[in-house]
Amino acid sequence: QVQLVESGGGLVQAGDSLRLSCAASGRTFSRHVMGWFRQAPGKEREFVATISWSGDGTSYADSVKGRFTIARDNAKNTVYLQMNSLKPEDTAIYYCAAVYSSGRFDYYTGYSQYDYWGQGTQVTVSS
């Protein structure tokens, strides 16, 4: 069982930066693929970024590529999402997700591939 708690959201202006954190409980965090998803009002939850348990594999949605960076610190049971050059269309609730994987390069971009979810943190970007 893994419990996830997101933090770091807030209200910022276009062009600003934010760093989201997701703290995980559980001894096997270092063997879990981690992902960030987001959901804007009236829209479906969408993939943002994912990272393998080793940190050697990452993937990003085209809409955030070059602006967002996912990273993890297995010693701290935490995954981060550094968001730069924020745009109003980045406004959403951001969710952290986890799933166990044995492959050090494995990562997943599908919503249904994850077993554990946090409660989300709101990010609002004003124009």
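Here are some worked exercises on the structure above, each with a solution in steps.

The model is predicted, so to speak of local features we need pLDDT of at least 70, and side-chain atom pairs count only at pLDDT 80 or more, while totals for chains, interfaces and linings use all residues. Residues are numbered from 1 along each chain as its sequence is written, and side-chain values use heavy atoms, with hydrogens and water left out.

**Exercise 1. The open sheet**

Task: Find the order of the four strands in the open sheet, and say which strands stand at its edges.

Solution:
- Step 1. Let us start with the terms. Strands are DSSP runs (E, at least two residues), numbered from the N terminus. Two strands pair if DSSP finds at least two bridges between them.
- Step 2. The four strands follow the order 1-3-8-7, with antiparallel pairing.
- Step 3. At the edges stand strand 1 (4-7) and strand 7 (68-73); each has a single partner strand, so one side of each is left without a neighbour in the sheet.
- Step 4. From one strand to the next, the twist averages 15 degrees. For this angle, axes are lines fitted to C-alpha atoms, and angles run from 0 to 180 degrees between N-to-C directions.
- Step 5. Now take one pair: strand 7 and strand 8 (residues 78-83) are antiparallel partners over six bridges. As an example, alanine 71 has tyrosine 80 in strand 8 as its bridge partner.

**Exercise 2. The disulfide**

Task: Locate the disulfide, and work out its handedness.

Solution:
- Step 1. A disulfide is a pair of cysteine sulfur atoms within 2.5 Å. Searching the whole structure turns up one disulfide.
- Step 2. Its partners are cysteine 22 and cysteine 96, with an S to S distance of 2.1 Å.
- Step 3. These cysteines link distant parts of the chain, 74 residues apart: cysteine 22 belongs to strand 3 (residues 18-24) and cysteine 96 to strand 9 (residues 92-100).
- Step 4. The torsion about the S-S bond is about -80 degrees, so the disulfide is left-handed.
- Step 5. Both cysteine 22 and cysteine 96 are buried. Buried means under 20% relative accessible area, exposed over 50%, and partly exposed in between (1.4 Å probe, protein chains only).

**Exercise 3. A network of salt bridges**

Task: Trace the salt bridges of arginine 38, then decide whether arginine 38 is buried or exposed.

Solution:
- Step 1. A salt bridge is a side-chain nitrogen of Lys or Arg within 4 Å of a carboxyl oxygen of Asp or Glu. Five salt bridges are counted by this rule.
- Step 2. Arginine 38 forms a salt bridge with glutamate 46, where the closest N and O atoms are 2.6 Å apart.
- Step 3. Arginine 38 also meets aspartate 90 in a salt bridge (2.9 Å, N to O). This pair links distant parts of the chain, 52 residues apart, with arginine 38 in strand 4 (residues 32-39) and aspartate 90 in the loop between strand 8 and strand 9.
- Step 4. Arginine 38 has 5% relative accessibility, so it counts as buried. Aspartate 90 is buried too, because its relative accessibility is 0%, whereas glutamate 46 is partly exposed at 35%.
- Step 5. Putting this together, Arg38, Glu46, Arg67 and Asp90 are linked in a network of salt bridges.

**Exercise 4. Two loops that meet**

Task: Describe the salt bridge between aspartate 56 and arginine 104, then look at serine 52 and its contacts.

Solution:
- Step 1. The side chains of aspartate 56 and arginine 104 form a salt bridge (2.6 Å, N to O).
- Step 2. Aspartate 56 is in the loop between strand 5 and strand 6, and arginine 104 in the loop between strand 9 and strand 10 (116-117), 48 residues apart.
- Step 3. Aspartate 56, at 45% relative accessibility, is partly exposed; arginine 104, at 38%, is partly exposed.
- Step 4. Serine 52 lies in the loop between strand 5 (46-51) and strand 6 (58-60). With a relative accessible area of 0%, serine 52 is buried.
- Step 5. Contact means heavy atoms within 4.5 Å. Not counting residues up to four places away in sequence, serine 52 touches several residues, including Val33, Arg72, Arg104 and Tyr107.
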